[in-house]
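Biologist: Hey, can you walk me through this one? I'd like to start with the surface and then move inside.

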Amino acid sequence: MRSAIRYLFLATVIVALAAFGSGAAAATMIVRPTPPVAAIGPSNGQVVGVAHPVTIRFAAPVTDRAKTEQSIDIRTTRPLPGTFAWTDDREAVWTPSGFLPADATVLVSVGGARTEFRTNAGVFGDANMSAHTFTVTVGGTVVRTMPASMGKPGYETPAGTWPVLEKFRSVVFDSRTIGIPLSSPEGYVINGEFAERLTWGGVFIHSAPWSVDQQGYANVSHGCINLSRDDAEWVYHTIGVGDPVVTHW
């Protein structure tokens with residue numbers, strides 16, 4: 001009798017362990033690994049401004065964003081604080097809290113993929129909409145202050161801190177891209193030079209020879225930062241992608 005009871009108890013334990021093991025195996029099967037990385041930006045060896053975001057593009061859709069974010073390591077000699085946003089189910093964009101350290105090597109690693117890029121000395125642009133000036137500092141030292149004209153009433157330049165997104169040696173500005181029809185008295189199609197994009201909504205720093213007489217005295221643009229051709233060319237070669245530009249009153 002005791003042998004039968006002992007056998008029944010042992011059989012029950014084995015069945016329970018088998019059931020537990022099956023459950024663990026089932027749980028493991030539904031955990032999907034982070035997809036392989038297709039690209040990381042900035043690219044290896046690139047030098048960028050201290051406000052430059054990090055973009056990770058995956059080769060397949062990501063189903064667990066929180067887990068994937070935890071697998072991304074961005075650091076200098078220590079992990080760097082920042083926040084993630086997703087442009088779609090394959091691309092995560094990490095933005096630093098504040099700014100990246102200047103003159104530093106930043107390492108990005110995700111699974112087996114990694115890249116290293118460097119930050120510059122800390123190049124900043126400052127657009128003072130009340131004083132009608134644009135000032136550039138490098139490493140905390142003012143290197144040039146220029147007369148400027150920003151957005152006029154009704155088309156004010158937004159206040160904030162904006163990393164330079166992209167640059168164009170020449171560009172066509174079309175008012176329809178910011179919601180102003182060509183039939184409007186405010187409509188325009190003009191050729192611009194030395195343009196640096198600050199927002200996807202159409203705010204640029206650029207050469208504006210047509211407003212030179214107002215630069216330093218009045219805000220007359222449709223939201224962009226207008227500079228003389230010589231000043232815009234100098235800024236174009238001094239401020240790069242990822243450099244922060246502050247606009248304020």
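Modeller: Sure. One term to begin with: a patch is made of residues with over 30% relative accessible area and no salt bridge, and nonpolar side chains are joined within 5 Å. Keep in mind that this is a predicted model.

Biologist: Okay, which residues make the nonpolar surface patch?

Modeller: Val172, Leu182 and Val189 make it, and the patch covers about 250 Å².

Biologist: Where does Leu182 sit?

Modeller: Leu182 is in the loop between β13 (166-174) and β14. It counts as partly exposed because its relative accessibility is 40%.

Biologist: New topic: which residues does the UniProt "active site" annotation cover?

Modeller: According to that unreviewed UniProt entry, His206 and Cys224. They span 19 residues in sequence, but their C-alpha atoms are no more than 7.5 Å apart, so they gather at one spot. The lining of the largest pocket takes in both His206 and Cys224.

Biologist: Is His206 buried or exposed?

Modeller: His206 is buried, with a relative accessible area of 4%. This residue lies in strand β15, and its contacts include Phe173, Glu193 and Cys224.

Biologist: And what about Cys224, where is that?

Modeller: Cys224 is in the loop between β15 and β16 (225-227). At 11% relative accessible area, Cys224 is buried too. Among the residues Cys224 touches are Ser149, Thr157 and His206.

Biologist: Last one: what does Thr199 touch?

Modeller: Trp162 and Leu165, leaving out residues up to four places away in sequence. Thr199 is in the loop between β14 (189-197) and β15 (204-207), and it counts as buried because its relative accessibility is 12%, where the cut-off is under 20%.

Terms used
Residues are numbered from 1 along each chain as its sequence is written. This is a predicted model: local features need pLDDT of at least 70, side-chain atom pairs count only at pLDDT 80 or more; totals for chains, interfaces and linings use all residues. Side-chain values use heavy atoms; hydrogens and water are left out. Helices (H or I, at least four residues) and strands (E, at least two) are DSSP runs, numbered from the N terminus. Buried means under 20% relative accessible area, exposed over 50%, partly exposed in between (1.4 Å probe, protein chains only). Contact means heavy atoms within 4.5 Å. Patches are made of residues with over 30% relative accessible area and no salt bridge: like charges are joined within 9 Å, nonpolar side chains (Val, Leu, Ile, Met, Phe, Trp, Tyr) within 5 Å. Accessible areas come from the Shrake-Rupley method with a 1.4 Å probe; for residues, only the protein chains shown count as cover. A salt bridge is a side-chain nitrogen of Lys or Arg within 4 Å of a carboxyl oxygen of Asp or Glu. UniProt positions are given in the numbering used here, feature names are shortened, and annotations may be inferred rather than shown by experiment. On a 1 Å grid over the protein atoms alone, a cavity is a set of points where a 1.4 Å probe fits but cannot get out, and a pocket is an open set with protein on both sides within 12 Å along at least five of seven lines; lining residues have an atom within 4 Å of a point.
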